[in-house]
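This report introduces the structure shown below. It treats a sheet, its central strands and the helices beside them in turn.

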Amino acid sequence: MISNAIARRMRDLEQYAPMLTAPSDLDEFWSRTLERFKDKPLHSTIELETTPMRTVEVHRVTYEGFDDTPLSGWYIRPANVQGERLPCIVMYHGYTGSKGYPEEYAQWTALGYAVFAMDVRGQGGETGNHLASEFGMSAGWLSQNILDKEKFYYLAITIDALKAVQWVAEREDVDTQRIAVYGASQGGGLALITAALSDIPAVAVANIPNMCHMDFGILNSESSLKEAAQFVSRYPEHLQQVLQTLSYFDMLNLGDRIRIPLLVSCGLKDMVCLPETIFAAYNRIRANKQIAVYPFDGHYVGPYHTRRTMEFLQQHFG
């Protein structure tokens, strides 16, 4: 039997419904922004890459998203299914990370799926960042242009993420009815916001996601949002503007736009993406959804949940 303390904690989280922070022009902002980037060319390139793996085919990809920054990615397919249109998982990595090596995605190609894994601009991968800084920053990337929603770093990486699913949807060897978005932490936030703003993904997996209930996160979290807190500590006169900019990208305000099946994970000991932030957004979502809660886990995704994710994708993709 589940302990009273854990049950009480779960009840509190399941009922958690903080006030929305959505600005009055949220819908207009995203309608205008999506229209602005809808027809922006990808200018993509693709070339075969040699790897030690014999059962997969790997391509190095570059494409453009928010601006002319060449964004680097891996497109990986099982090698024995030439000419077959496969389901594809679009992968977004965590903060400071990268797309890594193709070998890291072998478990997904073993399911018979293609994978497109992209670098988030400027972080730990092979991708730079042409976004100009209009104001000083704290450590890291999150505070870049945080005073202007039209030039904010989160806007750039959101458009980059949306263009990644567009690139996949234009592939003749991808089943466009079976595209998933997947990520953890920052990547989980990008999976959520892509699911909210794009009609391309069919399912989404957002593990320990960031970009949720960010007014709570900036006050309490040890995540990348502490960079926004450091910025405000240096420039306290800009607190309200920082909170307003973040609100345009907060899944607390955008969660009700998600209409596709969704799997979320949460660790009750997570001090990076706090359970309150995840549940605040999750409770707003009205789609077919599941949340996997791990009472004794911190900010990581364990192998049990990886299996649960595989089962979730197989349920929807076969």
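Across which strands does helix α11 lie? Helix α11 (residues 303-317) lies across β4 (86-92), β6 (174-184), β7, β8 and β9, and runs at about 170° to β7. Contact here means heavy atoms within 4.5 Å. Angles run from 0 to 180 degrees between N-to-C directions, with axes fitted to C-alpha atoms, for helices over the stretch in contact. Helices (H or I, at least four residues) and strands (E, at least two) are DSSP runs, numbered from the N terminus.

The model is predicted: local features need pLDDT of at least 70, side-chain atom pairs count only at pLDDT 80 or more, and totals for chains, interfaces and linings use all residues. Residues are numbered from 1 along each chain as its sequence is written, and side-chain values use heavy atoms, leaving out hydrogens and water.

**The sheet**

An open sheet of 9 strands follows the order β1-β2-β3-β5-β4-β6-β7-β8-β9, with mixed pairing. Two strands pair if DSSP finds at least two bridges between them. At the edges stand β1 (45-49) and β9 (289-294), each with a single partner strand, so one side of each lacks a neighbour in the sheet. Neighbouring strands are turned by 20° against each other on average, direction ignored.

Strand β7 has the following pairings.

| Strands | Sense | Bridges |
|---|---|---|
| β6 and β7 | parallel | 5 bridges |
| β7 (residues 203-207) and β8 (residues 262-267) | parallel | 4 bridges |

Val181 has Ala204 as its bridge partner in β7, while Asn207 has Ser265 as its bridge partner in β8. Because 5 of the 5 residues of β7 are buried, this strand is largely enclosed by the rest of the structure. Buried means under 20% relative accessible area, exposed over 50%, and partly exposed in between (1.4 Å probe, protein chains only). Val203, Val205 and Asn207 point one way from β7, and Ala204 and Ala206 point the other way.

**Helices**

Helix α10 (residues 275-282) is mostly covered, with 8 of its 8 residues buried. Among them are Glu276, Phe279 and Tyr282. The cover over the buried residues of α10 includes α1 (4-14), α6 (214-220), α9 (251-254), β8 and β9.

The axes of α7 (residues 225-234) and α8 (residues 239-247) come within 9 Å and cross at roughly 155°. The two helices are therefore roughly antiparallel (angles over 145 degrees count as such, under 35 as roughly parallel, 65 to 115 as roughly perpendicular and the rest as oblique). In their contact, Leu225, Ala228, Phe231 and Val232 of α7 meet Leu239, Val242 and Leu246 of α8.
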